[in-house]
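Let's take a walk through this structure together. Have the sequence and the 3D view open as you read.

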Amino acid sequence: MPDYDALKVAMKSGKVPEVRRLVEVLLAEGAPAANILNVGLLEAMSEVGQRFKMNEVFVPEVLIAARAMKAGTELLKPHLIEAGVMAVATAIMGTVKGDLHDIGKNLVVMMLEGAGFAVVDAGVDVAPEKFVELAKQHDAKIVGLSALLTTTMPSMKTAVEAVRAAGLDAKVIIGGAPVTQAYCDAIGADGYSADAASAAELAKRLIA
Ligand code: B1M
């Protein structure tokens, strides 16, 4: 019976070399790559996300755990492709036009990846038509919009309208410090969440 606990501990504390070593050990023992991903890495990342939500850990801890998860998933990637394990769905994630804040957006990207999404990071200052173009190109099921400025929140409305006008089969989720559920309702987005871990949960719920 493969032991995933040591991997989880190493993941949560962001120990990149140890995560790599343990993933190699588990693969050599014959553990399926999908189990190493789901039981070892994603469960650990989800735990970090929950603790972040409860203010028990902070941005640096999330960043180092995410870095360790990336190291582990890179090793698993060829095995996952070989086994035909696909990502849950593709999500496009970006900070809206006029807005250069990306720390929260990057956390949402990590949490979405931690939840099994293939994420296309559109970056910052992303125009509505760029969201549409990327969503079409990648057949995305989620378009995530982040805004940190009250002055850029209207770009969210324009992006929602652009996604609807293009007739895309994608749910639009929004968030960022000044954003609220009331604003989400007002602009007709599909969902709002206050933090990165909830954004990943919301995205999973919306595509379920
Ligand atoms: Co700026 N900035 N900033 N800033 N900045 C704020 C946002 C501000 C509140 C500071 C203040 O005045 N007290 C203020 C906005 C006021 C307002 O509009 N109400 C402000 C301003 C005014 C500005 C400038 C206009 C300043 C100027 O030049 N005069 C300028 C604008 C530049 C631009 O974007 N065009 C500016 C610039 C900058 C820096 C470049 C210096 C830097 C950004 C660096 C970077 O991101 N790479 C910066 C920073 C760091 C901040 C503060 C200090 C921190 C923001 C942050 O990263 N928080 C911020 C003040 C503050 O919040 N204390 C401030 C940490 C991050 C983890 O939180 O992004 O909220 P947050 O993300 C959270 C949630 O909101 C949520 O999940 C995350 C984690 O759980 N979330 C989502 C985020 N996106 C989501 C999407 C989702 C779901 C959840 O679904 C898709």
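Which helix gives the most to the lining of the largest pocket? Keep that in mind while we set the scene: what you are looking at is a predicted model. The answer is H4, which contributes 10 residues to that lining.

Let's stay with this pocket for a moment. The largest pocket holds about 800 Å³ of space. It is lined by 25 residues, and those closest to its centre are Thr73, Lys77, Ala87, Phe117 and Ala118. Besides helix H4 (59-82), the elements that each supply at least two lining residues are helix H3 (33-53), H5 and strand E2 (118-126). Sorted by class, the lining of the largest pocket consists of 17 nonpolar, 3 polar and 5 charged residues.

Now let's turn to the sheet. Five strands make up an open sheet with parallel pairing, and their order is E2-E1-E3-E4-E5. At its edges are E2 and strand E5 (191-192), each of which pairs on one side only. In general, the strands of a sheet pair through backbone hydrogen bonds, and they can do so in a parallel or an antiparallel way. Here, E3 and E4 run parallel and are joined by 5 bridges. To find this pairing on your screen, look for Val143, which stands opposite Val172 in E4.

Next comes the ligand. Which protein atom is the donor to its cobalt atom? The only one is NE2 of His101, at 2.2 Å. You will find His101 in the loop between strand E1 (90-96) and H5.

His101 has company around the ligand. The ligand is surrounded by 27 residues, and Leu100, His101, Asp102, Ser146 and Thr150 come nearest. Leu100 places a backbone N or O atom 2.6 Å from an oxygen atom of the ligand. In Asp102, an N or O atom of the side chain lies 2.7 Å from a ligand nitrogen atom. A polar backbone atom of Ala177 is 3.2 Å from an oxygen atom of the ligand. Two or more residues of the shell come from each of helix H5 (103-114), strand E3 (142-146), strand E4 (171-175) and helix H9 (196-207). The largest share, 4 residues, belongs to H5. By class, the shell around the ligand contains 15 nonpolar, 9 polar and 3 charged residues.

Finally, let's visit the second largest pocket. Its volume is about 350 Å³. This second largest pocket has 22 lining residues, and nearest its centre lie Gly104, Lys105, Val108, Gly176 and Ala194. At least two lining residues come from each of H5, E3, E4 and H9. You met these elements in the shell around the ligand, where H5, E3, E4 and H9 each give two or more residues. Which element gives the most to the lining of the second largest pocket? That is H5, with 5 residues. The classes in this lining are 13 nonpolar, 6 polar and 3 charged residues.

If you go back to your viewer, H5 is a good place to pause. H5 gives the largest share of the shell around the ligand, gives the most to the lining of the second largest pocket, and also supplies at least two residues of the lining of the largest pocket.

Definitions and conventions. Residues are numbered from 1 along each chain as its sequence is written. This is a predicted model: local features need pLDDT of at least 70, side-chain atom pairs count only at pLDDT 80 or more; totals for chains, interfaces and linings use all residues. Side-chain values use heavy atoms; hydrogens and water are left out. A residue is near a molecule or strand if one of its heavy atoms lies within 4 Å of it. A polar contact is a pair of N or O atoms within 3.5 Å; within protein, one must be able to donate a hydrogen and the other to accept it, and residues adjacent in sequence count only if both atoms are side-chain atoms. Ala, Val, Leu, Ile, Met, Phe, Trp, Tyr, Cys and Pro count as nonpolar, Asp, Glu, Lys and Arg as charged, and the others, Gly among them, as polar. On a 1 Å grid over the protein atoms alone, a cavity is a set of points where a 1.4 Å probe fits but cannot get out, and a pocket is an open set with protein on both sides within 12 Å along at least five of seven lines; lining residues have an atom within 4 Å of a point. Grid points are joined across faces, edges and corners, and a volume is the space filled by probe spheres set on the points. Two strands pair if DSSP finds at least two bridges between them. Donors are N, O and S atoms within 2.8 Å of the metal (3.2 Å for Na, K and Ca); water is not among the atoms, so sites may look incomplete.
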